[in-house]
Amino acid sequence: MWRGMFGHADRGLVRGGTLGTNQRHRKGVTMTGRERILHLLRGPVAARIRFTFPGAGGTVTISPVSFRHVANHIESGHISIVFTNALPAGVGGQYISGTPNQLMVQPIIGRVEEGLILHECTHAVFDVTRTPVVANDDEAASYVVDALYFRMTGLRHPRWNVISHARAGQVADLLLKQYAEGTHGIPAVDPTAWTVLKATVMFRPNYRFGPAGLLGTLLGSQYPHDG
Ligand SMILES: [Zn+2]
């Protein structure tokens with residue numbers, strides 16, 4: 001389903017120049033954009049991303065299998081990838097639940113785009129696993145994922161230090177501290193940093209009047225999670 005006028009348009013990254021192309025050579029084989037996305041989802045960085053957060057209906061987990069699950073859905077055609085230059089200005093990507101589900105991304109893929117793809121794929125995780133998550137949590141968790149990716153790949157701040165990403169960066173830093181300390185199992189987000197991030201998302205202009213905004217959150221609005 002198209003999210004229409006309430007569509008979650010994921011804006012807000014200051015681009016720091018072109019970081020890569022949609023084709024990379026590996027062992028003499030050219031990887032297509034689609035292959036690179038599958039590689040990203042099954043790669044070592046995505047496999048380190050893990051956390052829990054307090055959802056309205058109980059604890060929600062992003063685990064190392066979450067992104068592999070999305071990769072399988074892409075391979076099966078349950079999620080189709082649409083490369084487009086037609087995303088509105090400042091929009092990093094979109095995930096549209098429907099038949100098939102669509103992951104819309106820019107054709108040029110560098111580290112910034114990879115982080116944003118993981119953001120959109122977090123929305124996909126909740127959709128394909130039919131996890132009941134309110135839109136505000138859905139959005140906040142997706143920001144935590146891109147922030148973790150940016151941190152773990154050493155992307156410098158000026159390229160992504162827009163407020164929602166920065167607030168997510170604070171959640172990510174506290175998770176990375178737990179990863180480094182070898183915290184057993186899947187660590188929980190810091191409650192204070194998580195609350196600040198959720199409030200930031202709630203009042204961002206592009207989310208304020210949609211499901212992830214204040215009214216949407218009070219109403220318990222969700223993005224479609226119909227698999
Ligand atoms: Zn989003």
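A nonpolar core is a set of buried Ala, Val, Leu, Ile, Met, Phe, Trp, Tyr and Cys residues joined through C-beta atoms within 7 Å. In this predicted model, the largest such core has 51 residues. Val70, Val144 and Val171 touch the most other members. Helix α4, residues 135-152, gives the most to this core, with 10 residues. In soluble globular proteins, nonpolar side chains tend to be buried together.

Val171 shows some of the links. Beyond four places in sequence, Val171 is in contact with Val144 and Ala147. Its other contacts at that range are Val189, Asp190, Ala193, Trp194 and Leu197.

**Confidence**

The mean pLDDT of the protein is 86. Of its residues, 84% reach 70 or more. Two stretches with values below 50 are listed here.

| Stretch | pLDDT | Contacts beyond near neighbours in sequence |
|---|---|---|
| Residues 1-8 | below 50 | 17 contacts |
| Residues 14-25 | under 50 | 25 contacts |

**Helix α6**

Helix α6 covers residues 191-202. Does its length agree or disagree with what its residues should span? It agrees, because 12 residues at 1.5 Å a residue should span 16 Å, and the end C-alpha atoms are 16 Å apart.

Which residues of α6 are buried? They are Trp194, Leu197, Lys198, Val201 and Met202. These residues cover an arc of only 135° around the axis, so they lie on the same side of α6. They pack against strand β3 (51-55) and against helices α4, α5 (163-181) and α7 (214-218).

Met202 belongs to this helix. Met202 counts as buried because 20 other C-beta atoms lie within 10 Å, and the cut-off for a buried residue is 20 or more. Leaving out residues up to four places away in sequence, Met202 touches Asn136, Tyr207, Ala212, Gly213, Leu214 and Thr217. Asp137 is 65 residues from Met202 along the chain, yet their C-alpha atoms are separated by 9.8 Å.

**Strands β6 and β7**

Strand β6 takes in residues 93-96, and strand β7 takes in residues 101-105. The two strands run antiparallel and are joined by 4 bridges. They form a hairpin, with 4 residues between them. Gly93 of β6 stands opposite Val105 in β7.

In a regular strand the side chains alternate between the two faces of the sheet. In β6, Gly93 and Tyr95 are on one side, with Gln94 and Ile96 on the other. These four residues are all buried, and both faces of β6 are covered.

Definitions and conventions. Residues numbered from 1 in each chain as written. Predicted model: local features only at pLDDT ≥ 70, side-chain atom pairs only at ≥ 80, totals over all residues. Buried ≥ 20, exposed ≤ 12 C-beta atoms within 10 Å, placed from the backbone. Contact = placed C-beta atoms within 7 Å. pLDDT = per-residue confidence, 0-100. Expected span 1.5 Å × (residues − 1). Arc of directions from axis to C-beta. Pairing = 2+ DSSP bridges.
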